Amino acid sequence: MTQKKYSNEDITVIWEPGLCQHSTHCCKGLINVFDPRKKPWINMDGDTSERIIEQVKKCQSGALSYFENPKAYVES
């Protein structure tokens, strides 16, 4: 199954088109991030990582998931 990945500094959202039921819950909940009229349709700069995570967790089909990106090591 094909996966598409969209990242910002904190998280990566994975979209599996084959699982998507096109219920539009993601779009209605966070249109600044999830907008099927645009390419790419997921804009990771459209809101905070926390709000994106909240919306991804509401995906009923399981087509959207996420993981936290590794933090860069900063020497002090």
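**Cys20 and the other cysteines**

I started with Cys20, which counts as partly exposed at 23% relative accessibility (buried is under 20% relative accessible area, exposed over 50%, partly exposed in between, with a 1.4 Å probe and protein chains only). This is a predicted model, where local features need pLDDT of at least 70, side-chain atom pairs count only at pLDDT 80 or more, and totals for chains, interfaces and linings use all residues. Residues are numbered from 1 along each chain as its sequence is written, and side-chain values use heavy atoms, with hydrogens and water left out.

Next I looked for disulfides, meaning pairs of cysteine sulfur atoms within 2.5 Å, and the structure holds zero. Why does Cys20 have no bond to Cys26? The two sulfurs are 6.4 Å apart, which is too far, and Cys26 has the closest cysteine sulfur to Cys20. Cys27 is in no disulfide either, with the sulfur of Cys26 nearest at 3.9 Å. I noted Cys27 as buried, with a relative accessible area of 12%.

**The pocket**

I then checked the largest pocket and got about 280 Å³ of space (grid points are joined across faces, edges and corners, and the volume is the space filled by probe spheres set on the points). A pocket here is an open set of points on a 1 Å grid over the protein atoms alone, where a 1.4 Å probe fits, with protein on both sides within 12 Å along at least five of seven lines; lining residues have an atom within 4 Å of a point. Of its 19 lining residues, Cys20, His22, Thr24, Cys26 and Trp41 are the closest to the centre. Helix 1 gives the most to this lining, with three residues. My helices (H or I, at least four residues) and strands (E, at least two) are DSSP runs, numbered from the N terminus.

**Aromatic rings**

Trp41 made me look at ring pairs (Phe, Tyr and the six-membered ring of Trp, centres within 6.5 Å; planes under 30 degrees apart are stacked, over 60 edge-to-face, the rest tilted). The count comes to two pairs. Trp15 and Trp41 have ring centres 5.1 Å apart and planes at 70°, so I logged the pair as edge-to-face. Trp15 sits in strand 2 and Trp41 in the loop between helix 1 and helix 2, so this pair ties together parts 26 residues apart in sequence. Phe34 and Trp41 have centres 5.7 Å apart and planes at 50°, so that pair is tilted. Ring pairs link Trp15, Phe34 and Trp41 into a cluster. Phe34 is buried at 0% relative accessibility, and Trp41 is buried at 13%.

**Core and Gln55**

The largest nonpolar core (buried Ala, Val, Leu, Ile, Met, Phe, Trp, Tyr and Cys joined through side-chain atoms within 4.5 Å) has 17 residues, and Val13, Phe34, Trp41, Ile42, Ile52 and Leu64 touch the most other members. Strand 2 (11-15), helix 1 (25-29) and helix 2 each supply at least two of its residues.

Is Gln55 buried or exposed? Gln55 is buried, at 8% relative accessible area, and its place is in helix 2 (residues 49-57). Not counting residues up to four places away in sequence, I found Gln55 touching His25, Cys26, Gly29, Leu30 and Phe34 (contact is heavy atoms within 4.5 Å).

**Asp47**

Last, I looked up Asp47, in the loop between helix 1 and helix 2. Asp47 is partly exposed at 23% relative accessibility. Leaving aside neighbours within four places in sequence, Asp47 contacts Leu30, Val33 and Ile52.
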